[in-house]
Amino acid sequence: MLTKHSFSDNDLCNLLREERSVPWMENRAVYPGFFDPITNGHVDIILRGLRIFDKIIIAVLKNPKKRALFSTKDRVMIIQQIFAQEPRIEVKAFDGLLVDFARKNKANIVMRGLRAVSDFEYEFQMALMNRKLNPEIETLYMMPSVNYSFLSSRLVKEVFMLGGCVKDLVPKIVEKKLKEKLTKRRSFFPINA
Ligand code: ADP
């Protein structure tokens, strides 16, 4: 385990020997987020993750403090439908500490997306806090295609509510669900997840 701040050649040899002695495990990553709703930016990160990991567990945050447009159940169901054909993806709702969820699901990587410098500070704090809580879990960042680097769930909801087209920004099922919400409510009144 990499806990030292610097290491000599000898330390490096020992660290590598230690790493080699760890038995091979399925490479599982957790991708946590609110996904209210999932956008093509999230999908881009998930597809990149599938090139690296054997399995990705998408962890949908139940956060009673954050107001959501879609319920936790709906957010999970939408993502399950999008990836119904991909057996290497599992979607679960979660609350509590992410490191506990990762450990319970036998994942040693947390996967996150970095859109712009503005994401960096929060992500940096979270990654270091998670490392303090469980040094065995690494956080890995990926950058989406430039087409999605400006995209957020909040922006999608705002644009859609104002009559803008979100066709290229979200999966088809999300566009359908947004339309259903708008027809039912006439406007978006966020609900608690
Ligand atoms: P948000 O509500 O900000 O859209 P989430 O909580 O759903 O984000 O985000 C989960 C993870 O996905 C975070 O690591 C976030 O930075 C990342 N993410 C969100 N949107 C994008 C995007 N357009 N491109 C890449 N990563 C993204």
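1. Contacts in the protein chain are weighted towards long sequence separations: among those between residues at least 6 apart in sequence, 78% join residues at least 24 apart, where two residues are in contact if their C-beta atoms, placed from the backbone, lie within 7 Å. The model is a predicted one, in which local features need pLDDT of at least 70 and side-chain atom pairs count only at pLDDT 80 or more, whereas totals for chains, interfaces and linings use all residues. Residue numbers run from 1 along each chain as its sequence is written.

2. On overall dimensions and burial, the C-alpha trace of the protein chain spans about 65 × 35 × 30 Å along its principal axes. Of the 193 residues of the protein chain, 28% count as buried; a residue is buried if 20 or more other C-beta atoms, placed from the backbone, lie within 10 Å of its own, exposed if 12 or fewer, and partly exposed in between.

3. The protein chain holds seven helices and seven strands, these being DSSP runs numbered from the N terminus, with helices as H or I of at least four residues and strands as E of at least two. Read along the sequence, their order in the protein chain is α-β-α-β-β-α-β-α-β-α-β-α-α-β.

4. Turning to strand pairing (DSSP must find at least two bridges between two strands), strand β1, residues 28-33, runs parallel to β2 over six bridges. The chain passes from β1 through α2 to β2 in a right-handed β-α-β crossover, a term that applies if, with the strands pointing away from the viewer, the path from the first strand over the helix to the second runs clockwise. β1 also pairs in the parallel sense with β5, over two bridges. A29 can serve as a reference point for both pairings, since its bridge partner in β2 is I56, while its bridge partner in β5 is I109.

5. β5 pairs in turn with strand β6, residues 138-142, in the parallel sense over five bridges, and the bridge partner of M111 in β6 is L140. Together with helix α5, residues 117-133, the strands β5 and β6 make a right-handed β-α-β unit.

6. The largest nonpolar core has 36 residues, of which V30, Y31, I56, I58, A59, V60 and I79 touch the most other members; such a core is a set of buried Ala, Val, Leu, Ile, Met, Phe, Trp, Tyr and Cys residues joined through C-beta atoms within 7 Å. Strand β2, residues 55-61, provides the largest share of this core, with six residues.

7. I56 deserves a separate look, as a residue of strand β2 that counts as buried because 26 C-beta neighbours lie inside 10 Å. Leaving aside residues up to four places away in sequence, I56 touches A29, Y31, I46, G49, L50, R88, I89 and M111. R115, by comparison, is 59 residues from I56 in sequence and 20 Å from I56 in space, C-alpha to C-alpha.

8. The shell around the ligand consists of 16 residues, and the closest are G33, G41, R112, G113 and P144; a residue is near a molecule if its C-beta atom, placed from the backbone, lies within 6 Å of it. α2 (40-52) and β5 (109-113) each supply at least two residues of this shell, with α2 giving the most, three residues. By class, the shell has six nonpolar, seven polar and three charged residues, where Ala, Val, Leu, Ile, Met, Phe, Trp, Tyr, Cys and Pro count as nonpolar, Asp, Glu, Lys and Arg as charged, and the others, Gly among them, as polar.

9. Some backbone details merit checking, given that most residues other than glycine have a negative phi and most peptide bonds are trans. The peptide bond from D36 to P37 is cis, with omega near 0 degrees, and P37 is found in the loop between β1 and α2. F35, which lies in the loop between β1 and α2, has a positive phi of about 50 degrees although it is not a glycine, and F35 is buried, with 23 other C-beta atoms within 10 Å.

10. K106 has a positive phi of about 55 degrees, again without being a glycine, and is located in the loop between α4 (98-104) and β5. K106 counts as exposed because 12 other C-beta atoms lie within 10 Å.
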